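Please look through the structure shown below with attention to its charged pairs, its helices and its surface. The paragraphs that follow take these topics in turn.

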Amino acid sequence: MLYTIIKALHIIFMVSYFAGIFYLVRIFVYYKDTDAFEEDKKRILREQYTFMARRLWNIITVPAGIIMAVCGLILIFLNTGLMKSPWFHLKLTFLIGLAIYHYWCWKKVNQLKNLNGKTLSIANIKLRQANEIATFILFLVVFTVILKSSVIEYWWQLITGFFVLVFLIMMTVKMVNKSKKNK
């Protein structure tokens, strides 16, 4: 029963963490979108976006990430057999990618704080594409956990499907951005 409760908490805080990460990078995009605004409007919005990013990071994203990680470690401790499973090693690999993405987000939150209303040095399209990275990691982790041993057996079909999915999402982002520019 304890294992199931910890697993439920792990999933709940994983959802909270990803919600925070998804919205955080969207705030970076909104901040960058203000580049073309008049100075007063730009200043007010950038102050608000910086405030929102810091609050989201400190109150939702990081605490949810910590609780998610602690619950995950408890699950490993309660079920040491996980460390012998190839699918679990794959999941841990994807989580290393998530940790790198988390670090990138943390750097951007600090950059916003230190910019004092100045522009971000990254292109808008790059921020929009970076916004999809957490989605890709989420797909990889969930499919790995759900399919477990099938992931190892059918890895090439899953990788092919993943790259098709990445391509479709990236093309959709480009089309949306192109249609926005044409309006």
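A salt bridge is counted here where a side-chain nitrogen of Lys or Arg lies within 4 Å of a carboxyl oxygen of Asp or Glu, and by this rule the count comes to 5 salt bridges. The model is a predicted one, in which local features need pLDDT of at least 70 and side-chain atom pairs count only at pLDDT 80 or more, while totals for chains, interfaces and linings use all residues. Residues are numbered from 1 along each chain as its sequence is written, and side-chain values use heavy atoms, with hydrogens and water left out.

One of the salt bridges joins the side chains of Asp33 and Arg128, with 3.2 Å from N to O. Asp33 belongs to helix α1 and Arg128 to helix α4, so this pair ties together parts that are 95 residues apart in sequence; helices, like strands, are DSSP runs numbered from the N terminus (H or I over at least four residues for a helix, E over at least two for a strand). To describe the surroundings of such residues, buried is used for under 20% relative accessible area, exposed for over 50%, and partly exposed for what lies in between, with a 1.4 Å probe and protein chains only. On that scale Asp33 is partly exposed at 27% relative accessibility, whereas Arg128, at 8%, is buried.

A second pairing is that of Arg46 with Asp35, whose side chains meet in a salt bridge at 2.3 Å, N to O. Because Arg46 lies in helix α2 and Asp35 in the loop between α1 and α2, the pair ties together parts that are 11 residues apart in sequence. Arg46 is buried, at 3% relative accessibility, while Asp35 is partly exposed, with a relative accessible area of 30%.

Within helix α2, the side chains of Glu47 and Arg43 also meet in a salt bridge, at 3.6 Å from N to O. These two residues are 4 residues apart in the helix, which means that about one helical turn separates them. Arg43 counts as partly exposed, at 44% relative accessibility. Returning to the earlier pair, salt bridges that share partners join Lys32, Asp35 and Arg46 into one network.

Helix α3 can be followed next. The expected span of a helix is 1.5 Å times one less than its number of residues, and for the 30 residues of α3 (residues 86-115) this gives 44 Å, which agrees with the 44 Å between its end C-alpha atoms. Its buried residues include Trp87, Phe88, Phe94, Leu98, Tyr101 and Leu112, as well as Lys91 and Lys108. What covers the buried residues of α3, with contact meaning heavy atoms within 4.5 Å, includes α1 (2-33), α2 (39-78), α4 (124-130), α5 (133-147) and α6 (149-153). After α3 comes Asn116, whose phi is positive, near 50 degrees.

Cys105 is buried, with a relative accessible area of 0%, and Cys71 also counts as buried, at 6%. With a disulfide taken as a pair of cysteine sulfur atoms within 2.5 Å, the count comes to 0 disulfides.

What does the surface offer in nonpolar residues? Leu2, Ile66, Val70, Ile74, Phe77 and Leu78 form a nonpolar patch there, with about 590 Å² of accessible area together. Helix α2 contributes the largest share of this patch, 5 residues. Phe77 lies in α2 and counts as exposed, at 68% relative accessibility. Patches of this kind are made of residues with over 30% relative accessible area and no salt bridge, nonpolar side chains (Val, Leu, Ile, Met, Phe, Trp, Tyr) being joined within 5 Å and like charges within 9 Å; accessible areas come from the Shrake-Rupley method with a 1.4 Å probe, and for residues only the protein chains shown count as cover.
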